[in-house]
Amino acid sequence: MTIAFPMKHFILIILSILPLLTVITGCREDELVVPSEYDIIPESPLPDTSIRGFYLVNEGNMGSNKCTLDYFDYFTGLYARNFYAERNPSVVKELGDVGNDIGIYGSRLYVVVNCSHKVEVLDARSGVRIGQVDIPNCRYVRFHRGKAYVSSYVGPVLIDPAAPKGAVYEVDTLSLQVTRKVTVGYQPEEMEVVDDYMYVANSGGYRAPDYDRTVSVIQMIDFKQVRQIDVGINLHRLKQDRYKKLWVSSRGDYQSRPSRLYVLEKRPGYNQMVVSDTIPVACSNMAIHGDSLYYYATEWNQYTASNTISYGIIDVRSREIVSTNFITDGTERDITVPYGIAVHPETGDIFVTDAKNYVSSGTLYCFTRDGRRKWSVRTGDIPAHMVFLRR
Amino acid sequence: MRAKLSILLILFFAWQLPAKAYDAADTTLVLNEVSVTAVRPRTEIIPAQQLSGIELQKLNSNSVADALRYFSGVQVKDYGGVGGIKTVNIRSMGTNHTGVVYDGVELGNAQNGQIDLGQFSLDNIEAISLYNGQKSEILQPAKDFGSAGSIYMRTRTPHFDIGESYHLRATVRTGSFGLLNPSALVELKLTECVSASLSAEWITSTGKYKFRYRRVNPAGELAYDTTAVRENGDINATRMECNLNGNIAGGEWHFKVYNYNSERGVPGAIVNNVWRRGERIWDTNSFAQGRFTRTWNRFTTLANMKYAFYRTHYVNNDDKQIKIDNLYRQRELYLSSANEYAFSSWWRVSVSYDLQWNALQADMYGFARPDRLTNMLSAATAIDLGRMKVQGSALGTWVHDILRGQQSPPDRHVFTPAVYMSYEPLRNRNFAVRAFYKRSFRMPTFNDLYYADMGNSKLNPERVTQYNAGIVYRHAGRGTVKAVRLSADVYYNHVRDKIVAYPKGQQFRWTMLNLGLVDIRGADISGLLTLTPAEELDVTVRGQYTYQRAIDVTDPADNYYRDQIPYIPHHSGSAVVNLSWRRWGLNYSFIYVGSRYNQQENIRYNYTQPWYTSDVSVSRDITFGRVSMRALLEINNLLSQDYDVILNYPMPKRNFRVTLTVEI
């Protein structure tokens with residue numbers, strides 16, 4: 001062979017590409033169920049506290065199957081990310097796609113996993129799985145007299161196949177079977193039970209621009225919708241304060257009609273809730289602690305191409321805005337997109353989650369009741385919903 | 001047979017040379033490169049990576065996207081299965097920066113800017129070429145100067161032997177996934193100067209395949225191991241194509257009518273408790289395009305025109321989710337005139353002007369009805385001093401959008417220059433050093449700008465700057481070693497004003513912003529070797545390796561600052577060994593894609609394992625008189641690796657395919 005280039009070298013180069021690649025970069029290994037990661041939080045429990053810790057659900061972006069559960073224990077001071085997969089490694093495809101709510105009832109923890117169409121039921125202390133309840137497009141969970149109630153965007157399809165109404169499913173907390181369901185308005189969200197009536201905020205989010213604008217009233221004895229109260233478009237949050245008033249948020253239409261907060265209460269001598277007040281603030285989410293309603297709002301501003309974010313406190317008795325920023329040390333600047341809010345039932349510490357760009361790890365911030373940052377910790381993707389675990 | 005084909009081709013060139021045909025450089029590459037380099041009338045400054053002819057057919061590829069996996073610098077996003085969407089990202093700059101040219105005219109999608117290359121079967125494709133930056137040719141439409149990277153697909157052009165007046169070819173493919181894919185090609189010599197070809201294809205597949213998820217816990221014990229069947233990935237599609245080719249004195253013309261119709265299931269992500277989804281898409285893509293080129297002495301002109309109509313009907317039938325039934329209709333009209341003047345044998349200049357109109361109609365609430373008018377004007381010059389070649393081009397693009405019943409956004413205009421050069425330091429011209437600098441951009445798509453609630457009409461174009469330097473070594477011989485080709489390039493790309501989805505408010509609501517900044521450094525190495533170690537035995541070996549470091553440098557406050565961007569592996573590569581002995585052919589190909597992250601943050605929760613597959617094919621040619629037949633058996637993913645290219649979109653395990661071709 002009389003060629004300019006040494007042949008042997010060439011073949012060597014070509015043939016070495018293949019094994020070289022695997023040498024440089026490695027082969028596949030067994031896929032692991034990704035274990036928990038632990039962070040130490042500078043926090044200690046109050047003496048005689050009844051709170052042991054809290055769970056936080058990270059929603060995870062749609063289709064990513066990255067809904068994860070984080071757990072913080074005040075007694076060990078450890079914050080565990082991705083707690084579910086470690087406790088339940090044999091569950092195929094882990095917790096699921098897009099978590100949407102969390103609740104504890106008795107000794108059990110309920111996680112509503114929206115795009116996995118199920119409510120996951122765990123032992124609240126160990127995080128070990130007990131079972132699941134399949135509910136299509138489930139949204140929020142509340143509890144009442146031994147039953148769990150789950151709102152769902154999907155009611156019976158038969159009524160109007162083009163625009164099915166939503167439903168509330170009743171689940172027996174012992175057998176984990178659906179016992180009853182009732183059709184409510186379009187795309188129902190949060191619920192509360194007051195004096196044996198359940199109030200459900202209907203959004204109608206699938207029907208934009210013809211949003212629903214009602215709160216459904218369900219009589220719990222026979223589980224029937226008895227009435228729908230006209231409140232405002234695209235309702236979302238619904239919380240009761242200790243005076244049995246309901247605080248209902250409207251998302252608005254994201255364009256000309258802004259988000260609002262409504263108050264529903266019973267007139268003296270009547271048993272029907274009516275809209276008694278409209279608070280002129282935008283409200284994306286809220287948490288009530290004693291007489292204080294903590295809220296935040298994220299509103300998109302077309303002109304500045306940025307989110308306008310506000311944090312405030314409303315006195316639920318006077319309905320006055322008593323503070324326009326519950327974060328007092330200026331650290332709210334670090335929060336890109338607030339996504340969840342909770343208040344510690346004993347210490348009054350305020351928790352705000354930051355979902356950042358929805359597709360990277362979020363942050364959980366803890367503020368003292370006077371609004372100074374205490375600590376923060378990295379979470380999973382889109383940290384959103386919290387529940388406190390009692391001892 | 002090869003010798004005969006070579007002669008035929010050389011004849012073909014001899015006859016085409018005076019025509020100075022627009023795609024003469026393309027056509028030369030039909031054969032293996034050995035015979036080509038000698039005859040090629042004019043080489044591009046930086047040649048393309050190319051797959052063509054028999055080599056392409058033996059490559060275990062279902063579609064053009066599959067074949068592109070063998071090119072360096074390319075990452076294919078594959079959502080799995082016959083009907084799954086497959087898009088291409090060149091050198092980490094993003095899918096929207098890739099121009100895809102079908103028989104000389106760029107394919108467009110003004111709605112989302114992405115071309116699904118899974119829709120293009122290899123049945124009628126003769127060559128696929130990949131150019132980094134632009135094709136370094138100056139007689140081309142202005143639009144061709146615009147993309148950051150370009151893929152050229154060329155369909156088969158009829159070549160008739162003396163005495164021949166027609167060719168017939170029928171092919172049927174079948175195999176895994178319930179695949180049935182018959183196709184037919186008729187080529188007719190209408191007159192001495194005019195030929196026609198008609199190609200039709202039907203593809204149907206259930207899209208069902210088994211996939212497996214297996215996990216162990218850190219102690220090494222099995223956590224779960226489950227195998228399921230991929231559902232709702234079926235496809236039923238037809239393709240029809242009619243071509244007319246003609247030669248005139250000093251030039252040629254080409255006319256094409258194309259129609260693609262499909263109904264597909266969208267298999268969707270596999271997540272906990274959801275193993276089947278209900279989305280379906282119907283696509284109708286039709287276009288007619290014409291090309292004309294003629295040379296008068298020192299002046300050559302090339303005219304192109306195209307009219308395209310794309311209809312996409314998307315339905316979500318899932319009882320558990322929001323009902324969606326949307327119809328999108330896009331129309332495109334494109335006119336181009338490219339003109340070249342040769343001042344001397346070594347200096348040429350060109351000016352091209354393109355006009356393009358796009359319109360989108362969507363029956364979706366809140367989606368504006370945009371019309372877009374794009375004017376493109378380019379000027380280019382090429383200097384060829386024998387061993388030294390230089391080319392410079394500049395493209396100006398003016399975009400004007402019109403909205404019905406709304407205020408139109410301001411016009412956008414972008415100026416993008418490029419410089420290409422190559423130098424051959426050795427007298428035998430086996431070795432060349434090459435470099436290019438190019439700026440390019442992508443316009444925000446209609447979805448970026450006007451999609452209901454999410455679009456942002458204030459977006460600016462996303463800009464890319466590329467710097468590339470490389471070497472190439474070529475050797476052609478008569479002995480055992482027929483051809484050697486080695487090339488290595490290093491590059492630096494910078495993406496500014498990257499259009500990214502940004503969250504607004506709550507509930508997965510997004511908007512688009514010019515927010516991203518990406519810094520890309522990479523190296524491509526590729527080699528080709530053709531040997532004849534024994535009588536009647538031909539061996540071709542191809543190897544390719546890509547290193548890429550593509551990091552997000554948008555904002556130091558982000559927790560993914562300076563992390564590798566999603567789905568870009570640091571290391572990837574492929575190797576192909578092709579043996580042909582008498583009438584037998586054996587092909588082995590190996591593809592490796594290294595570990596990568598499925599989201600922006602490089603943390604273990606986002607880690608995606610490497611994958612590598614081995615594909616094997618065996619072919620046999622049979623001839624009865626004038627009739628030649630070929631049987632091809634392919635086995636893909638031979639070692640049955642369970643892998644995801646995209647998170648939660650599992651890929652098929654081992655699968656096979658049989659192809660029978662009859663040609664007259």
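This is a chat between a trainee and a mentor about a predicted model with chains A and B.

Trainee: Okay, how sure was the predictor about chain A, going by mean pLDDT?
Mentor: The mean pLDDT of chain A is 91, and 91% of its residues reach 70 or more.

Trainee: And where in chain A does pLDDT stay under 50?
Mentor: That's residues 1-6 of chain A, for which the model has 12 contacts beyond four places in sequence. Where pLDDT is low, the predicted coordinates should not be read in detail.

Trainee: Got it. How many helices and strands are there in chain A?
Mentor: Chain A has two helices and 29 strands. Its C-alpha atoms fill a box of roughly 105 × 55 × 50 Å along the principal axes.

Trainee: What share of chain A is buried?
Mentor: Of the 391 residues in chain A, 47% are buried. As for contacts in chain A between residues at least 6 apart in sequence, 45% join residues at least 24 apart.

Trainee: Can we zoom in on a sheet? What's the strand order in the open sheet of four strands in chain A?
Mentor: The order is β17-β18-β19-β20, and the pairing is antiparallel.

Trainee: Which strands stand at the edges there?
Mentor: β17 and β20 of chain A do, each with a single partner strand, so one side of each has no neighbour in the sheet. On average, neighbouring strands of this sheet are turned by 25° against each other, direction ignored.

Trainee: How many bridges are there between β19(A) and β20(A)?
Mentor: Six, with the two strands paired in the antiparallel sense. One pairing to look up is K266(A), whose bridge partner in β20(A) is M273(A).

Trainee: New topic: odd backbone spots. Which peptide bond is cis in chain A?
Mentor: Check the bond from A208(A) to P209(A), which is cis with omega near 5°. P209(A) sits in the loop between β14 and β15 of chain A.

Trainee: And what about the phi of K244(A)?
Mentor: K244(A) has a positive phi of about 60°, although it is not a glycine. You'll find K244(A) in the loop between β17 and β18 of chain A, so that takes you back to the four-stranded sheet, where β17 and β18 come one after the other in the order. K244(A) is partly exposed, with 13 other C-beta atoms within 10 Å.

Trainee: What about N648(B), where is that?
Mentor: N648(B) is in the loop between β33 and β34 of chain B. Its phi is also positive, about 70°, and N648(B) is not a glycine either.

Trainee: Why does N648(B) count as partly exposed?
Mentor: Because it has 19 C-beta neighbours inside 10 Å, and a residue needs 20 or more to be buried.

Trainee: Staying in chain B, why is β3 largely enclosed?
Mentor: Five of the five residues of β3(B), residues 86-90, are buried, so the rest of the structure largely encloses that strand. K86(B), V88(B) and I90(B) point one way from β3(B), while T87(B) and N89(B) point the other way.

Trainee: Which strand is joined to β3(B) by five bridges?
Mentor: That's β2(B), residues 74-78, and the two run antiparallel. Within this pairing, V76(B) has V88(B) as its bridge partner.

Trainee: Last one: how many residues does each chain put into the contact between A and B?
Mentor: Chain B gives 64 residues and chain A gives 63. Elements giving two or more residues on the chain B side include β11, β12 and β24 of chain B. By class, that side has 28 nonpolar, 26 polar and 10 charged residues.

Conventions: Residues numbered from 1 in each chain as written. Chains lettered and ligands numbered in written order. Predicted model: local features only at pLDDT ≥ 70, side-chain atom pairs only at ≥ 80, totals over all residues. pLDDT = per-residue confidence, 0-100. Contact = placed C-beta atoms within 7 Å. Nonpolar A, V, L, I, M, F, W, Y, C, P; charged D, E, K, R; others polar. Buried ≥ 20, exposed ≤ 12 C-beta atoms within 10 Å, placed from the backbone. Pairing = 2+ DSSP bridges. Axes fitted to C-alpha atoms, helices over the stretch in contact; angles between N-to-C directions.
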